[in-house]
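Biologist: I would like a close look at a single part of this protein. Please take one helix and walk me through it, with every term explained.

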Amino acid sequence: MPEPVETTTPEGVDYGWVMQVTFVVTILVGAPIVALLSTTADLPSWGARAEFAIRIGAPIWFLTALVVFTYAKRNQT
């Protein structure tokens, strides 16, 4: 059996976990919010739809990342 190439023992916040959880939670929570908000917006073209999704989705992603990071920071072992 070959030796592992690299192993880590993270001290502090596990940023990989933070990124993965942020990604999943943003899709599970953020996508329905963007879809719901898009029903009231006038989106005549695909460009307008993409711009709307980015304009609404980016703050949701950022807030989710802050919440997940804060959770990880407070609950680190």
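Modeller: What follows is a walk along helix 1, with the whole chain as a frame.

This is a predicted model, in which local features need pLDDT of at least 70, side-chain atom pairs count only at pLDDT 80 or more, and totals for chains, interfaces and linings use all residues. Residues are numbered from 1 along each chain as its sequence is written, and side-chain values use heavy atoms, with hydrogens and water left out.

Start with the frame. The protein has two helices and zero strands. Helices (H or I, at least four residues) and strands (E, at least two) are DSSP runs, numbered from the N terminus. The radius of gyration is 18 Å, well over the 11 Å that the globule rule gives for 77 residues, so the protein is more spread out than a compact globule. That radius is taken over C-alpha atoms, and the globule rule is 2.2 Å times the number of residues to the power 0.38. Along its principal axes, the C-alpha trace spans about 55 × 35 × 15 Å.

Now the helix itself. Helix 1 covers residues 15-38 and has a kink of about 35°, centred on Ile 27. The bend at a residue is the angle between two fitted axes: one for the seven residues ending there, one for the seven starting there. Ile 27 counts as partly exposed, at 44% relative accessibility. Partly exposed lies between buried (under 20% relative accessible area) and exposed (over 50%), with a 1.4 Å probe and protein chains only. From Ile 27 to Ile 60 is 33 residues in sequence and 9.8 Å in space, C-alpha to C-alpha.

Next, the buried side. Val 18, Thr 22, Thr 26, Gly 30 and Val 34 are the buried residues of helix 1. They pack against helix 2, residues 46-74. Buried residues make up 18% of the 77 residues in the protein.

Take Thr 22 from that list. Its relative accessibility is 4%, so Thr 22 counts as buried. Leaving out residues up to four places away in sequence, Thr 22 touches Trp 61, Thr 64, Ala 65 and Val 68. Contact means heavy atoms within 4.5 Å. The C-alpha atoms of Thr 22 and Leu 66 are separated by 8.9 Å, though these residues are 44 apart along the chain.

Look back from the partner. Thr 64 sits in helix 2. Thr 64 is buried too, with a relative accessible area of 13%. With residues up to four places away again not counted, Thr 64 touches Thr 22, Val 25 and Thr 26.

Tyr 15 is also in helix 1. Tyr 15 is exposed, with a relative accessible area of 52%. The C-alpha atoms of Tyr 15 and Ala 72 are 8.8 Å apart, and the two residues are 57 apart along the chain.

Step back to the whole chain. Of the contacts with a separation of 6 or more, 70% are between residues 24 or more positions apart.
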